[in-house]
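This briefing is intended for a reader who wishes to relate the sequence to the fold. Please keep the sequence and the 3D view at hand while reading.

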Amino acid sequence: MSTVVETDVLIVGSGPAGASAALALSTYGVPNIVVTRYASLADTPRAHITNQRTMEVLRDLGVEQEVVAQATPQHLMGNTTFCTSLAGEELGRVRSWGNDPLVQSEHELASPTRMCDMPQHLMEPVLVNAAVARGTRLRFETEYLSHTQDADGVTATVRDRLRGDTYEIRAKYLIGADGGRSKVAADAGLPMGGQMGVAGSINIVFEADLSKYTAHRPSTLYWVLAPGATVGGIGAGLVRCVRPWNEWLIVWGYDVSAGAPDLTTEYAESVVRQLVGDDDIPVTVKSSSAWTVNEMYAESYANGRVFCAGDAVHRHPPSNGLGSNTSIQDAYNLAWKLKLVLDGTAHPRLLDSYTAERAPVGRQIVTRANRSIRETAPVFEALDGLSPQTPEQLWANIAARKDATEAAEKQRAKLREAIAFKVYEFNAHGVDLNQRYPADGSAAIVPDGTPDPGFARDPELHHQPSSRPGARLPHAWITSGTSTLSTLDTIGGGRFTLLTGIGGEAWVRAAEAHAVDIATVVIGPGQPYEDPYGDWARLREIPDAGALLVRPDGFVAFRHAGAGPDTGELLAEDAGKLLTDALRRILGHA
Ligand code: FDA
């Protein structure tokens, strides 16, 4: 007799999207099961760059310090180098990932967290172990095959790959976090735009002590301009640090129309030798695999009770390091909504805001990552390295930049400019932190009627804090007694939070009396939280008696300046009605 296994949320996939969905749901007390096809978590490094927004999510989910303990720290990430090989000539560097002194201050002002480099094969165990410890039931070697859905739930058929038999799992919701070849997204009929297989790439994981070529210019990325480096791939050859300075991953392109080369150890070693440029260094190739650069995103992330997250709905190259970051942030956006729908606090309409908020972000990062590949071409152009030519010609063009001629001086300037322009890939702080969920797209954001001032500086490069509905709550250091904490530490934990100041007692009373669980935070002299530096007062964009209602995922859902609608003075009943109306809209009851 076959038994149907039951749960609230079934998650397919244990990558960054699935693992973080499980962690968030278990943290919120929502029963969930993860099924994953293979016998282990990721066994190759893949995603590394972990941006501040993701670190904030991990901070709320209680695993930030574990990640920090295992990750390569920010200060060892930052000398992105362009060279002819690691042992060869250096062409220039970009101070990256917040390591430019000017950008560093922007990072420090933006968040209580620091960017770091956390390889995916280390990240996944942190997420999964914490999820399992909090209640997730995890099944390895279990493959999702198909699903059907009805008015009350989803029935998925899975195969136990150990025993070979199939069984059914009945869940109220299904999350497809099954990566770039998502069967869940295909079965749910999610419409995808763009193109798969734009270019061919090979990953080669190897061990070698390369400290003599890297420790003096510590970086997570060394880009190699060499013969063949513009064929396929991600813009140039890449030697990527996995662990400083003896574990590495090379990304090298191939002509996708000709198909992937035979990935023998000899072939892999020859690529390693070319990019390292030193035949005397002992090298151990651990693995090699072929993959394609994709430029695809889904227009909708959901169909009925089926939701997809991560690479299942946005497929793009690793440029800008956005893949696992966006996948974790998708899951974090979805988890609290599922929790509130499942416990009856919210109407299922709240779940519509998942696509409304995350699909534009997915489209943006797919576009950004692919544009970053194209923006590497000017580096080659500066060296006349794009047109078909012999290796000797390329080396001669590269050498020509050292001449004492007017032409060479122009070439040097062009090369400097092309390399400096790569900040859009390696220092795009705004891409990491400026996500805004528009109130005209998402019902879980209540417009406050103020005009959007837009961005004062390049929104891809510079983060601009804002307390407008739809923006992430600005970070400011505040105090509570002798503790110093971030405003972001006062929110999260699966709850709404209302922030106000002196004169905002009516908001506090309204929040405390509301049926929805709302934490309250009062900031001001003599209040539970104080603002000794005045940072919060400068960032909050509302008067003392105003209020910000912040969602469990840290986004401002509702903002009010604090004056009553008729009287100009905020009464308890005004605050109660404003808050109730806002929550009715946010939670899909309006
Ligand atoms: P992911 O592919 O990681 O996981 C899918 C999961 O679903 C797996 O557990 C798989 O076993 C499971 N699965 C699939 N089909 C199944 C089925 N039918 N049944 C059951 N389970 C199934 N990103 C980033 O943010 N920073 C970076 O620096 C980089 N760098 C980088 C370098 C290289 C070389 C690559 C190739 C990629 C990156 N990325 C990156 C991208 C990053 O690796 C990618 O975006 C994330 O892994 C996506 O996470 P997901 O959880 O969505 O899918």
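The points below concern a predicted model and are grouped by topic. They begin with an annotated region, then turn to the ligand, a helix pair and two strand arrangements.

**Annotated region**
- An unreviewed UniProt entry lists residues 6-369 under "domain: FAD-binding".
- Across residues 6-369, helix accounts for 30% of the chain and strand for 31%.
- The C-alpha atoms at the two ends of this stretch lie 39 Å apart.

**Surroundings of the ligand**
- The ligand has 36 residues around it, and those that come nearest are Gly 13, Gly 15, Gly 179, Gly 310 and Gly 323.
- By class, the shell around the ligand divides into 16 polar, 14 nonpolar and six charged residues.
- Helix H1, strand S9 (142-149) and helix H9 each supply at least two residues of this shell.
- The most is given by H9, which provides four residues of the shell.

**Packing of helices H1 and H9**
- Helix H1 spans residues 16-27 and helix H9 spans residues 323-342; their axes come within 8 Å and cross at roughly 30°.
- The crossing of H1 with H9 is right-handed.
- The contact between H1 and H9 comprises 11 nonpolar, three polar and two charged residues.
- On the H1 side, the contact is made by Pro 16, Ala 17, Ser 20, Ala 21, Ala 24 and Leu 25.
- On the H9 side, the residues met by H1 include Ser 324, Ser 327, Ile 328, Asp 330, Ala 331 and Tyr 332.
- Further along H9, Leu 334, Ala 335, Leu 338 and Lys 339 also take part in the contact with H1.

**Three-stranded open sheet**
- Strands S3, S7 and S4 form an open sheet in the order S3-S7-S4, with antiparallel pairing.
- Strands S3 (49-50) and S4 (72-73) are the edge strands, and each pairs on one side only.
- Strand S7 (residues 116-117) pairs with S4 in the antiparallel sense over two bridges.
- Thr 72 stands opposite Asp 117 of S7.

**Hairpin of S20 and S21**
- Strand S20 (residues 477-480) and strand S21 (residues 483-486) are paired in the antiparallel sense over four bridges.
- Thr 479 stands opposite Thr 484, which belongs to S21.
- Two residues lie between the strands of this hairpin, where Gly 481 takes a positive phi near 60°.

Technical notes
Residues numbered from 1 in each chain as written. Predicted model: local features only at pLDDT ≥ 70, side-chain atom pairs only at ≥ 80, totals over all residues. Pairing = 2+ DSSP bridges. Axes fitted to C-alpha atoms, helices over the stretch in contact; angles between N-to-C directions. Left-handed = near helix turned anticlockwise from the far one by under 90°. Contact = placed C-beta atoms within 7 Å. Nonpolar A, V, L, I, M, F, W, Y, C, P; charged D, E, K, R; others polar. Near = placed C-beta within 6 Å. UniProt positions renumbered as here; feature names shortened; annotations may be inferred.
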